[in-house]
Amino acid sequence: MAPGSTIAPPRARKRLATVLQPTAMVYLALVLLLVVGSVLVGIQGGVLLDQGGILNILTRSTALGLVAIGQTMVILTGKLDLSVAYLIGLCSLIGAETMAGDPNMILPAVLLTLACAAAIGLVNGLVITKLKVNAFIATLGMALIIRGYLESVYTGPAGDVPRAFQHLGYDRIGPVPVSALLMLALAAAAWWYLTRTKGGYHVYSVGGDEEVARFSGIRTDRTIIKVHVLCAVAAGLAGLFLASRLGSGAPWVGVDAGYDLESIAAVVLGGTLLAGGRGGVAGTIGGVLILATLDTIFDDLGVTPFFKDVVRGAVLIIAVALYARRRGLHR
């Protein structure tokens, strides 16, 4: 038997396994979606990937991407954060009202907004770890508290974002918005943290098996609190970005876009297990781009909102089914 004949099959299986990695699959699906979408939009006489189309996809991706990066860290520990949608609205208001149209207040407003977001994430983490409340209930309770405050204090947009801060939402380098570059930079930082640091290893360990991680000497409570703080700060950044786009704070800007469930969908679509322990930010960004591309194609084709939801739901179910089948084949 030729030496190469005994080595080739394992190599072929290794290549196939690499191609079938969730992250690779989601980016292959994105490329396929762009090709099919370009054909469908072209049949209608439009162009999907011209400068306007690329700008539209990247702008749609930015706010969802920021939230989904934080949500990825929380889900990797086997938890969820359902408070992010209301937190985004609250942070947009804190930022816009603190700025009050004064460019000199931009830095204090950003710091105050992120500090408030971190405090809410800290409360979420403490309730989950110290009071032993399920993360679903704890963050849903926080969402209801924030909603109650917003409903009692605000009836519409408030605050005034100075023009200097609106550059964040509208400036771009070529067809790429500056805000999208910042989102990608945050994703790269999160990827580095999760894959190259001891803290990132702890996140995966807690999501894999919390009890085993605790017996291994990992301070699981500290890890869970940390990811909830990071998730809340990411939601705060999304609130600031949306305030820069709107020119003011808006109490329902996060809820109307459904960033709580949308961020979870993007994370799952990107190949991260809801049970935790597997996945990563790279796949999440792919999932965000798929959802943003779908929305852009639907808008170009004039698809009804009902059909949009049907297709988005079907895509999510098919993706999760494929990941589950792949895991089953590897057992």
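In this predicted model, Arg-312 and Glu-262 are joined by a salt bridge whose closest N and O atoms lie 2.3 Å apart. Arg-312 belongs to helix α15 (residues 305-330) and Glu-262 to helix α13 (residues 259-269), so this pair ties together parts that are 50 residues apart in sequence. With a relative accessibility of 13%, Arg-312 counts as buried. Helix α13 itself is mostly covered, as 9 of its 11 residues are buried. Among them are Tyr-259, Asp-260 and Ser-263, together with a run from Ile-264 through Ala-265, Ala-266, Val-267 and Val-268 to Leu-269. Just after α13 comes Gly-271, which takes a positive phi of about 100 degrees.

The search for salt bridges can be widened from this pair to the whole structure, where 9 are found. Side chains of opposite charge can pair when their charged atoms come close. One such pair is Asp-299 with Arg-60, whose side chains meet at 2.1 Å, N to O. Asp-299 lies in helix α14 (residues 281-301) and Arg-60 in helix α3, so the bridge ties together parts that are 239 residues apart in sequence. Asp-299 is partly exposed, at 37% relative accessibility, and Arg-60 is partly exposed as well, with a relative accessible area of 28%. Asp-299 also meets the side chain of Lys-308 in a salt bridge of 2.8 Å, N to O. Lys-308 has a relative accessibility of 19% and counts as buried, the cut-off for that class being under 20%. Elsewhere, Lys-79, Glu-210, Glu-211 and Arg-214 are linked in a network of salt bridges.

Attention now turns to the nonpolar interior. In soluble globular proteins, nonpolar side chains tend to be buried together. Here the largest nonpolar core holds 70 residues, and Leu-87, Ile-88 and Ile-146 touch the most other members. Helix α3 (residues 51-76) supplies the largest share of this core, with 12 residues. Leaving aside residues up to four places away in sequence, Leu-87 touches Ala-117, Ile-120, Ile-146, Ala-232 and Ala-235. A second, separate core has 9 residues, including Ala-96, Ile-106, Phe-165 and Leu-240.

Two of the residues touched by Leu-87, Ile-120 and Ile-146, reappear where helices α5 and α6 pack. Two packed helices are described by the angle between their axes and the distance between the axes. The axes of α5 (residues 106-130) and α6 (residues 135-153) come within 9 Å and cross at roughly 140 degrees, and the crossing is right-handed. From α5, the contact is made by Ile-120, Val-123, Asn-124, Val-127 and Ile-128, while α6 contributes Ala-135, Ala-138, Thr-139, Met-142 and Ile-146. Sorted by class, the contact comprises 8 nonpolar and 2 polar residues, with no charged ones.

The loops on either side of α5 each contain a non-glycine residue with a positive phi. In the loop between α4 (84-99) and α5, Ala-100 has a positive phi of about 50 degrees. This alanine counts as exposed, at 52% relative accessibility. In the loop between α5 and α6, Lys-132 has a positive phi of about 60 degrees. Lys-132 likewise counts as exposed, with a relative accessibility of 60%.

Key
Residues are numbered from 1 along each chain as its sequence is written. This is a predicted model: local features need pLDDT of at least 70, side-chain atom pairs count only at pLDDT 80 or more; totals for chains, interfaces and linings use all residues. Side-chain values use heavy atoms; hydrogens and water are left out. Axes are lines fitted to C-alpha atoms, for helices over the stretch in contact, and angles run from 0 to 180 degrees between N-to-C directions. Helices (H or I, at least four residues) and strands (E, at least two) are DSSP runs, numbered from the N terminus. A crossing is left-handed if the near helix is turned anticlockwise from the far one by less than a right angle, and right-handed if clockwise. Contact means heavy atoms within 4.5 Å. Ala, Val, Leu, Ile, Met, Phe, Trp, Tyr, Cys and Pro count as nonpolar, Asp, Glu, Lys and Arg as charged, and the others, Gly among them, as polar. A nonpolar core is a set of buried Ala, Val, Leu, Ile, Met, Phe, Trp, Tyr and Cys residues joined through side-chain atoms within 4.5 Å. Buried means under 20% relative accessible area, exposed over 50%, partly exposed in between (1.4 Å probe, protein chains only). A salt bridge is a side-chain nitrogen of Lys or Arg within 4 Å of a carboxyl oxygen of Asp or Glu.
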